[in-house]
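Hi,

Here is the structure I promised to pass on, and my notes on it come right after. Have it open while you read.

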Amino acid sequence: MSYLAPAEFVTKMVDAGESKIYMSTRDTLIRAYMAGAILSLAAVFAVTASVMTGSPLVGAILFPVGFCMLYLLGFDLLTGVFVLTPLAWLDKRPGVTIKGILRNWGLVFTGNFLGALTVAFMMAFIFTYGFSVLPSDVGQKIGHIGEARTLGYAQYGLMGWITIFIRGMLCNWMVSTGVVGAMISTTVSGKVIAMWMPIMLFFAMTFEHSVVNMFLFPSGLMMGGNFSLLDYFIWNEIPVVLGNLVGGLAFTGLTLYVTHIRTAPKRAPV
């Protein structure tokens, strides 16, 4: 069968988390770099489609193409390892430690950020012809996104910070469901369909994804966005990373693990 039962694909999740912890530094960084770069290109594609059609929904429908590409190629996003690697620790896999998990997260964050930053520079260069003219319509849109998702939250103080944290939680609930979607089928078409649905949902709802934002905000700053690097980290990247961690692990990783691997005893018949 092309569909795996939950107990089977949750076991694959734990296996994947264990393998990522033991992966070499070189391979981890390269895979994360490519994931950040491909997802950034998909973000440009989605914003371009939204500007061209005047419909953000069109961008949301098209954005998952990048996510599907990177996971079919075996690359890694921070939002994915947030969910998979702790499961290997909970499952008491030999040699898996908190230190090893944090090492993996740090390497994947670094790789994702460098990949996103590379594409951010390249696209900012393209949109401004080497920073010699004002940004194109798409470039201006990216700059406005940066302003709205930093200063727009900052004006509400603590409640704004908590709001973006929750949006990060909801984002990785869906994105990590997409990561799991890559494991529930043995066919490419099945994997793509399973990944496409939750990723389209998160993008359409404008939830906050830490790796997508690693592209949007630096690119916006390069094109003259009216916010600062400090605004980006305090009022976006930090709360989004934390929200992505909590949401993905709590809503996807743990719920699947405890109900399909560490199941509770069955009730006795009455």
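One definition before anything else: helices (H or I, at least four residues) and strands (E, at least two) are DSSP runs, numbered from the N terminus. The model is a predicted one, so to speak of a local feature we need pLDDT of at least 70, and side-chain atom pairs count only at pLDDT 80 or more, while totals for chains, interfaces and linings use all residues. Residues are numbered from 1 along each chain as its sequence is written, and side-chain values use heavy atoms, with hydrogens and water left out.

**Two helices, end to end**

Let's begin with α6. The expected span of a helix is 1.5 Å times one less than its number of residues. For the 30 residues of α6 that gives 44 Å, and the end C-alpha atoms are 43 Å apart, which agrees. Right after α6 comes Y129, whose phi is positive, near 50°.

Further along, F131 sits in the loop between α6 (98–127) and α7. F131 also has a positive phi, near 60°, and it is a residue other than glycine. Is F131 buried or exposed, or something in between? Here you need the cut-offs: buried means under 20% relative accessible area, exposed over 50%, and partly exposed in between (1.4 Å probe, protein chains only). F131 counts as partly exposed because its relative accessibility is 40%.

Now α7 itself. Its twelve residues reach 16 Å from first C-alpha to last, close to the 16 Å expected at 1.5 Å a residue. Which residues of α7 are buried? They are V138, G139, I142, G143, I145 and G146. Looking down the axis of α7, these buried residues fall within an arc of 155°, so they line one face of the helix. (The arc is that of the directions from the helix axis to the C-beta atoms.) It helps to remember that an α-helix has 3.6 residues a turn, so residues three or four places apart point the same way. The buried residues of α7 pack against α2, α6 and α11, where contact means heavy atoms within 4.5 Å.

**The pockets**

Next, the empty space. On a 1 Å grid over the protein atoms alone, a cavity is a set of points where a 1.4 Å probe fits but cannot get out, and a pocket is an open set with protein on both sides within 12 Å along at least five of seven lines; lining residues have an atom within 4 Å of a point. Grid points are joined across faces, edges and corners, and a volume is the space filled by probe spheres set on the points.

The largest pocket has a volume of about 390 Å³. Its lining has 21 residues, and P56, I145, R149, F203 and T206 lie nearest the centre. Two or more lining residues come from each of α2 (25–53), α3 (56–62), α7 (137–148), α10 (188–204) and α11 (210–222), with α2 giving the largest share, five residues. By type, the lining divides into 13 nonpolar, six polar and two charged. For that split, Ala, Val, Leu, Ile, Met, Phe, Trp, Tyr, Cys and Pro count as nonpolar, Asp, Glu, Lys and Arg as charged, and the others, Gly among them, as polar.

Take another look at T206, which is found in the loop between α10 and α11. Its phi is positive, near 55°, and T206 is partly exposed at 34% relative accessible area.

The second largest pocket holds about 180 Å³. Helix α1 (residues 6–22) gives the most to its lining, with three residues. Among the lining residues are K12, Y71, D76 and K191, and the lining divides into six nonpolar, one polar and four charged.

**A few single residues**

- L70 is in helix α4 (residues 64–72) and is buried, at 0% relative accessibility. Leaving out residues up to four places away in sequence, L70 touches A35, I38, L39, F75 and L77.
- T252 lies in helix α12 (residues 229–260) and is buried, at 4% relative accessibility. Beyond neighbours within four places in sequence, its contacts include N172, W173 and G247.
- L254 is in α12 too, but L254 is partly exposed, at 31%.
- G160 is found in helix α9 (residues 157–181) and is buried, at 2%.

Have fun with it!
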